[in-house]
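Work through the exercises below with the model at hand. Each task is followed by a solution in steps.

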Amino acid sequence: MRDHSGYGLIENGSIVLDGSSIVWVGSSDTLPAEFSSLESTDFEGRLVTPGLIDCHTHLVYGGSRAREFEMRLNGASYEEVARAGGGIVSTVSATREACEASLLADALIRADQLIAEGVTAIEIKSGYGLDLETERKMLRVARTLEAMRPIRVRTTFLGAHATPKGMEPDAYLDEVCLPVLDDCHSAGLVDAVDGFCEGIAFSPAQIERVFERAQSLGLPVKLHAEQLSNIGGTPLAARYNALSVDHVEYANADDAKALAKSGTVAVLLPGAFYTLRETQAPPVDAFRAEGVPMAVATDWNPGSSPLGSLLLAMNMACTLFRLTPAESLAGTTKQAARALGYSDAGIIAPGMRADLAIWDVTDPAELSYRIGSNPLHKRIFGGLA
């Protein structure tokens with residue numbers, strides 16, 4: 001075994017599977033005799049990585065916001081679009097109107113795109129309902145998707161995503177968000193709880209109320225924070241030992257220290273940065289200096305990041321945020337697993353799930369280097385090709 005620029009690459013390696021688990025990994029010339037007679041597959045020098053993980057998506061939604069894309073290109077800011085009745089609220093209307101079957105059909109198409117790129121696990125957030133019926137509908141679709149496709153799904157309740165028209169944020173939390181969280185949790189639909197902490201969404205004090213309820217239910221928390229400004233979401237999330245804080249373009253050195261102390265993952269979302277034509281990049285150097293784990297995800301959503309390729313997100317994280325290809329690959333495997341609370345995924349090691357991606361490349365950097373190219377040769381999910 002030799003380290004290859006931080007990848008931990010094993011030249012001429014072998015992986016032994018037993019059902020859905022990995023039982024041995026190492027150089028082929030050190031393969032234990034007990035495994036030598038097993039049926040084998042020769043991947044002819046191809047690269048094998050853990051299955052990719054997209055740890056931040058809004059994959060279940062109705063409608064399209066292509067018109068808002070035009071508005072932004074004509075000079076409107078993200079905040080101006082939102083305050084004019086567009087943004088998240090427009091998707092809320094479309095998602096409320098869509099039937100469960102149509103939401104599922106569209107989500108399956110999106111999931112298939114990710115599966116075709118070697119993705120074996122995804123997170124799916126609610127938050128385009130802002131009422132009991134639609135939030136439950138979105139989360140049921142996410143659960144059904146996992147049953148219909150060979151992919152693991154973590155569901156995240158994002159009731160604190162926006163405020164419905166005509167309601168004040170605190171009233172919405174009291175009357176809708178927190179009761180809906182209780183209901184969806186009782187129905188077994190929630191794996192984690194998220195919120196949007198921004199000037200156009202919810203304050204840290206309001207998000208803390210959501211976190212308190214999540215904590216009382218035994219649910220881990222995550223947070224959209226420091227995307228458009230810095231109003232203190234990151235230290236709040238760190239105090240609650242959040243799994244991740246996502247976006248973090250406006251995070252600072254103190255925020256990095258807080259994340260390092262709590263072990264919280266910083267999830268970088270270059271698709272939203274690119275789509276919104278932002279100029280303030282996440283403080284990657286500060287994250288590195290403090291040892292903050294960094295994940296990379298698509299943030300696939302109809303408004304700020306209509307990005308359906310995790311491979312492209314890896315390239316964008318390198319070109320826009322200056323991650324190294326090794327950091328980008330770790331960000332869509334090991335660190336992405338950590339951001340979702342998976343302890344059995346993201347690395348190739350004994351005891352881990354046999355979720356693997358085999359690529360028509362020999363150099364791991366090619367996965368981040370290519371643009372608009374999918375070199376996937378084969379995907380293995382739970383030991384099955």
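**Exercise 1: a salt bridge across the chain**

Asp360 has a relative accessible area of 39%, so it is partly exposed. The model in which this value was computed is a predicted one.

Task: Classify Arg46 by its accessibility, and find which residue it forms a salt bridge with.

Solution.
1. The relative accessibility of Arg46 is 25%. Buried would require under 20% and exposed over 50%, so Arg46 counts as partly exposed.
2. The salt-bridge partner of Arg46 is Asp360, and their closest N and O atoms are 2.4 Å apart.
3. The two residues come from distant parts of the chain, 314 residues apart. Arg46 sits in the loop between strand S2 (21-27) and strand S3 (47-50), and Asp360 in the loop between strand S12 (356-359) and helix H15 (366-369).

**Exercise 2: salt bridges at Arg65 to Glu70**

Task: Determine whether Glu68 and Arg65 are buried or exposed, then do likewise for Arg67 and Glu70.

Solution.
1. Glu68 and Arg65 form a salt bridge in which the closest N and O atoms are 3.1 Å apart. Both residues are buried.
2. Arg67 pairs with Glu70 in a salt bridge, at 3.3 Å from N to O.
3. Helix H1 (residues 66-73) holds both Arg67 and Glu70, which are 3 residues apart, about one turn of the helix.
4. Arg67 has a relative accessible area of 52% and is therefore exposed. For Glu70 the value is 42%, so Glu70 is partly exposed.
5. Elsewhere, Glu44, Arg46 and Asp360 are joined into one network by salt bridges that share partners.
6. The count of salt bridges comes to 20.

**Exercise 3: the packing of two helices**

Task: Describe how helix H4 (residues 100-115) packs with helix H5 (residues 132-148), and which residues make the contact.

Solution.
1. Two packed helices are described by the angle between their axes and the distance between the axes.
2. For H4 and H5 the angle is about 50° and the axes are 10 Å apart. H4 is therefore oblique to H5.
3. The crossing of H4 past H5 is right-handed.
4. On the H4 side, the contact is made by Glu100, Leu103, Leu104, Ala107, Leu108 and Ala111. On the H5 side, Lys137, Arg140, Val141, Thr144, Leu145 and Met148 take part.
5. Sorted by type, the residues of this contact are 8 nonpolar, 1 polar and 3 charged.

Note on methods: Residues numbered from 1 in each chain as written. Predicted model: local features only at pLDDT ≥ 70, side-chain atom pairs only at ≥ 80, totals over all residues. Heavy atoms only, no water. Axes fitted to C-alpha atoms, helices over the stretch in contact; angles between N-to-C directions. Helix = DSSP H or I, 4+ residues; strand = E, 2+ residues; numbered from the N terminus. Parallel < 35°, antiparallel > 145°, perpendicular 65-115°, else oblique. Left-handed = near helix turned anticlockwise from the far one by under 90°. Contact = heavy atoms within 4.5 Å. Nonpolar A, V, L, I, M, F, W, Y, C, P; charged D, E, K, R; others polar. Salt bridge = Lys/Arg side-chain N within 4 Å of Asp/Glu carboxyl O. Buried < 20%, exposed > 50% of the residue type's maximum accessible area, 1.4 Å probe, protein only.
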